[in-house]
Amino acid sequence: MAVEEAHTEETPYGGYVTTAGWFVHNLQEALAVRFEQGGALYPLEPQEAPFRDIGVNVRVLWPGDANGLYHHEDAQEGFLVLFGECLLIVEEQERPLRQWDYFHCPPGTRHVIVGAGTGPCVVFMIGARPEQETLAYPASDVAAKYGASVSKDTSDRDEAYAGRSDDFEPLHLPWPVR
């Protein structure tokens, strides 16, 4: 049985995938969304049909932007810096990352990535998607220096991100990203 090709929709900001199926998606021609906090994201997974086994995205972080809050989860993840520089905060340590650095993140590893350097960085992010995901947000003095920590430990995502906006604006990012 053949797998059907996914459908894409064009917007003034670029295209995005709207259904399940196989696809080829060029980021130079893709829609991106910029968050008030947390840089920009290329939504590679269809919102109505997210990938079953893995989560995948490409994140653009400008200096000071964090990809989320310091956290750990029960799934394996991987992060590859495609362009620019960023700062990895892992197990209360700061580690600079630059183009082509890869961070392997076993389950249970506390981490967050923050944009650094003089311009944006682009990070390919991939992670296992367990049927039942468990996340926790521990308070971190190191991550707090970058606005990327909760004030008290929680395992409730809504509590962790309370006061942070989910608002985003669609945009088309030029390549190379500036």
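**Salt bridges and strand pairing in the predicted model**

Glu94 is partly exposed, with a relative accessibility of 33%. This value, like the others below, comes from a predicted model. Glu94 is a good place to start the tour, as its side chain meets that of Lys145 in a salt bridge, with 2.7 Å from N to O. Glu94 belongs to strand E9 (residues 93–98), while Lys145 sits in the loop between helix H1 (141–144) and helix H2 (157–160), so the pair ties together parts that are 51 residues apart in sequence. Lys145 itself is exposed, at 57% relative accessible area.

The salt bridge of Glu94 has company: a search of the whole structure finds seven salt bridges. One of them joins the side chains of Glu45 and Arg129, again with 2.7 Å from N to O. Here both partners are loop residues: Glu45 lies between strand E4 (40–42) and strand E5 (54–61), and Arg129 between strand E12 (121–128) and strand E13 (135–136), so this contact links parts that are 84 residues apart in sequence. Glu45 counts as buried, at 16% relative accessibility, whereas Arg129 is partly exposed, at 34%. A further salt bridge is formed by Asp101 and Arg98, whose closest N and O atoms are 3.8 Å apart. Asp101 is partly exposed, with a relative accessible area of 22%, and Arg98 is exposed, with 55%.

Attention can now turn to the strands. Seven of them form an open sheet with antiparallel pairing, in the order E10-E7-E12-E5-E4-E3-E14. Strand E10 (102–105) and strand E14 (168–171) stand at the edges with a single partner strand each, so one side of each has no neighbour in the sheet. From one strand to the next, the twist averages 25°.

At one edge of this sheet, E10 pairs with strand E7 (residues 77–83) in the antiparallel sense, over four bridges. Phe79 and Phe103 in E10 stand opposite each other. At the other edge, E14 is paired with strand E3 (residues 32–35), also antiparallel and over four bridges. Ala32 has Leu171 in E14 as its bridge partner. E3 in turn pairs with E4 through two bridges, once more in the antiparallel sense, and Val33 has Leu41 in E4 as its bridge partner. The hairpin of E3 and E4 has four residues between the strands, and Gly38 in this hairpin takes a positive phi near 110°.

Strand E7 also holds a charged residue that deserves a closer look, Glu77. Which residue carries the nearest side chain of opposite charge to Glu77? That residue is Arg129, 9.2 Å away, and Glu77 is buried yet has no salt bridge. A salt bridge requires the nitrogen and oxygen to be within 4 Å, so the distance to Arg129 does not qualify. The side chain of Glu77 does make a polar contact with the side chain of His111, at 2.9 Å. Beyond residues up to four places away in sequence, Glu77 touches His71, Tyr102, Phe103, His104, Cys105, His111, Ile126 and Gly127. Phe103, in this list of contacts, was met above as the residue opposite Phe79.

His111 leads on to another open sheet, where it is the bridge partner of Val90 in the pairing with E11. This sheet is built from three strands in the order E9-E8-E11, and its pairing is antiparallel. E9 and E11 stand at the edges with a single partner strand each, so one side of each is left without a neighbour in the sheet. The twist averages 25° from one strand to the next. Strand E8 (residues 85–90) and E11 run antiparallel and are joined by five bridges.

Strand E11 (residues 111–115) also includes Val114, which is buried, at 1% relative accessibility. Leaving aside neighbours within four places in sequence, Val114 is in contact with Leu61, Gly64, Asp65, Ala66, Cys86, Leu87, Ile89 and Tyr146. Leu31, by contrast, is 83 residues from Val114 along the chain, and their C-alpha atoms are separated by 22 Å.

Definitions and conventions
Residues numbered from 1 in each chain as written. Predicted model: local features only at pLDDT ≥ 70, side-chain atom pairs only at ≥ 80, totals over all residues. Heavy atoms only, no water. Buried < 20%, exposed > 50% of the residue type's maximum accessible area, 1.4 Å probe, protein only. Pairing = 2+ DSSP bridges. Axes fitted to C-alpha atoms, helices over the stretch in contact; angles between N-to-C directions. Lys, Arg positive; Asp, Glu negative; His and termini not counted. Polar contact = N/O pair within 3.5 Å; in protein donor to acceptor, adjacent residues only side chain to side chain. Contact = heavy atoms within 4.5 Å.
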